[in-house]
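Got the viewer open? Let's take a walk through this one, stop by stop, with something to select each time.

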Amino acid sequence: MSTLFLRTLREDPADAEVASHKLLVRAGYIRRAAPGIYTWLPLGLKVLAKVEAIVREEMDAAGGQEVHFPALLPREPYEATGRWTEYGPNLFRLHDRKGGDYLLAPTHEEMFTLLVKDLYSSYKDLPLTIYQIQTKYRDEARPRAGLLRGREFIMKDSYSFDISDEGLDASYAAQRAAYIRIFDRLGLEYVIVQAQSGAMGGSRSEEFLSPTEVGEDTFVRSPGGYAANVEAVTTPAPAALSWDDAPAAHVEDTPDTPTIDTLVAAANTDHPRADRAWTAADTLKNVVIAVTNPAGERVLLVVGVPGDRDVDMTRLEAALSPATVEAANEDDLKTHPELVKGYIGPGVLGPQARPEGVARGDEDDATIPYLLDPRIVPGTRWITGANEHGKHVFDLVMGRDFVGDGTIEAAGVRDGDAAPDGSGPLELARGVEIGHIFQLGRKYAEALDLRVLDENGKQQVVTMGSYGIGVTRAVALLAENNHDELGLAWPIQVAPYQVHVVATGKDDAVFEASAALAADLEAAGVEVCYDDRFKVSPGVKFKDAELIGAPFILVVGRGLAEGTVELKVRAEGTSEALPVDDAAATVVARVKEALAG
């Protein structure tokens, strides 16, 4: 440690919010270079290399072959697939000195596709799986949490190429099994959830989420085994109802009721029901959304949801990907004076406002599209805005009095909601995405004309799968999941060192014994960090050892005079005295046992 390029810190960095970010900086694993961009120091690179080694071993075992692409790429392949535009502001774009357009790659589907197109032309060349471990770039609007959400990060991405859908299924299953082995070996807890493909495209998509309170992803699971990213949850629609006995819709005065709470209170006071009290679930909330497509065009959309639920912008954006969404602002509303804030109803929206003979999307269609939550089925009765200040319409029946332009999954998912597959009530949890696998199908192959000759000599479009692992994110999660109030406590399979030898005091015999023990351990194949700093106090050395987080700490100090040294197990917080003559052999055995376990 007297020569190790390391400076530990006693205080948390000012911009750090989560434990992994704080400890990786304080323990000297990474340093901030810019928002969301980090320099890797010697300790950090050791952990990163071990994570990468596990990923490589399992990718190779699953039949993958490693390649390496540049991070700086030309525009043309991404233009061909539409992702130059679809990625929007998340893409780092730049020009060379001749004015040519380039990007820093967020993913490499296009380049993998073109590489295979360049080299392979026959079904006999397939199936093929190739992968890389490479730096990626995304211009995150709000990089946070250190390595968990950065603008530069390392990802393993692999791609399978098959002649048939059955071949893709087999490749997908092989990669899925490899991911399970990788995360098991890393010691990361994970849940496999259904997911949406987003800008990647494709037919099937699953995420590997690591449950943690600091996670930005919300997912659901049920007692019966259903699990999905919240964006992928579908709402079981209730059966349609008869409206034969429903009263005619009627407009009532409801002054000063711009919110659901005030509306429900007024309805119960001034227009009570005979059978029960009105609740928020009886109201229809119409939320005005501004949608910006990848070309930068901004249009309005109204989403109707039951009043006891809010629009979940994450779910809505996933449903409308690659567009981005936000709540409409005052300027947006001014462009549509028919939208009376707080009193918006279906009468001025979608099919109700469209002139006869004008279809949705026609050139002369100036109406605002109106999409409904799946719970709003024919026959359901609602209180909703009457498009006048201080007025609401009661007993407005879906199917009789209004319809939408379609349905959309945009309402928030809650604990206790029914699982789509009938497997029980849903439970919400938070997690971090550590892996994502996709059946891309033929999207990229068709866009880039990747075809091979089949056994009959006919051209066939290749079908593809895409499989990603956040390597730097895995390092952060390992730190997030393996620490205490003293510092990091790495699992032995990824620790920068397996044993941290600490020489305490100023006695030459202590340093001689420590050096000898470190040499014996290294000779036996153990990775050792030896704290040989002569003028550093024992307290500082202990704090550094606990902060750095090697699985075993071997302390040579006062006990040496009685022929013993102290072995501490970092994660367990336990210690024991060992005879100095047997210490090296005992520690080697403990290390091997831990690696085998």
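## The enclosed space

Searching the whole structure turns up one cavity of 30 Å³ or more. Keep in mind as you go that this is a predicted model. The largest cavity has a volume of about 90 Å³. To see its walls, select R144, A145, L148, R149, V214, G215, E216, D217, G431, V432, E433 and R473. What classes of residue make up that lining of the largest cavity? Colour by class and you'll get six charged, four nonpolar and two polar residues. Now show strand β21, residues 427–441: with three residues, β21 gives the most to this lining.

## Over to the second largest pocket

Next, select P258, K285, N286, G342 and I344, which lie nearest the centre of the second largest pocket. The full lining comes to 22 residues, and the space there is about 420 Å³. By class, that lining has twelve nonpolar, seven polar and three charged residues.

Which strand or helix should you highlight here, as the one with the largest share of the lining? Go for β14, which supplies five residues. Then add α7 (260–270), α9 (330–334) and β18 (381–388); each of these, like β14, brings at least two residues to the lining of the second largest pocket.

## Following β14 into its sheet

Stay with β14 and bring up its neighbours. Five strands form an open sheet here, in the order β16-β14-β15-β17-β20, and the pairing is mixed. At the edges are β16 (324–327) and β20 (406–407), each pairing on one side only.

Zoom in on β14 (residues 284–292) and β15 (residues 298–306): these two are antiparallel partners, joined over nine bridges. If you'd like one bridge to click on, pick T292, whose partner in β15 is R298. Then turn on helix α8, residues 313–320, which packs on the sheet and touches β14, β15 and β16. The direction of α8 makes about 145° with that of β16.

Don't leave without selecting S321 and P322, which are joined by a cis peptide bond with omega of about 15°. P322 sits in the loop between α8 and β16.

## Two backbone oddments

There is another cis peptide bond to look up, this one joining L126 and P127, with omega of about 5°. You'll find P127 in the loop between α5 (109–119) and β7 (128–137).

After that, jump to D395 in strand β19, residues 391–397. What is the phi of D395 near? The value is near 55°, which is positive in a residue other than glycine.

## A pair of crossing helices

Select helix α2 (residues 42–61) together with helix α12 (residues 471–481). They pack at an angle of about 115°, with their axes 10 Å apart, and the crossing is right-handed. Show side chains for V47, L48, V51 and E52 in α2, then for V471, T472, A474, V475 and L478 in α12, and you have where the two helices meet. By class, this contact has seven nonpolar, one polar and one charged residues.

## The other five-stranded sheet

Now display β28-β27-β29-β30-β31, in that order: five strands in an open sheet with mixed pairing. The edge strands are β28 (528–531) and β31 (574–579), each pairing on one side only. From one strand to the next, the twist averages 20°.

Take a closer look at β27 (residues 499–503), which runs parallel to β28 and is joined to it by four bridges. One bridge to click on is V499, with V528 as its partner in β28. Add α13, which packs on the sheet against β27, β28, β29 (552–556) and β30 (564–569) and whose direction makes about 165° with that of β27. Helix α14, residues 538–548, also packs on the sheet, touching β27, β28, β29 and β30, with its direction at about 175° to that of β27.

## Last stop

Keep α13 (residues 508–523) on screen and add helix α15 (residues 580–596): their axes come within 10 Å and cross at roughly 35°. This crossing is right-handed. Select L517, D520 and L521 of α13 plus V580, A583, A584, V587 and V588 of α15 to see the contact. By class, the contact has seven nonpolar, no polar and one charged residues.

Methods
Residues numbered from 1 in each chain as written. Predicted model: local features only at pLDDT ≥ 70, side-chain atom pairs only at ≥ 80, totals over all residues. Heavy atoms only, no water. Pairing = 2+ DSSP bridges. Contact = heavy atoms within 4.5 Å. Axes fitted to C-alpha atoms, helices over the stretch in contact; angles between N-to-C directions. 1 Å grid on protein atoms, 1.4 Å probe; cavity = no way out; pocket = protein on both sides within 12 Å on 5 of 7 lines; lining within 4 Å. Points joined across faces, edges and corners; volume = space filled by probe spheres on them. Nonpolar A, V, L, I, M, F, W, Y, C, P; charged D, E, K, R; others polar. Left-handed = near helix turned anticlockwise from the far one by under 90°.
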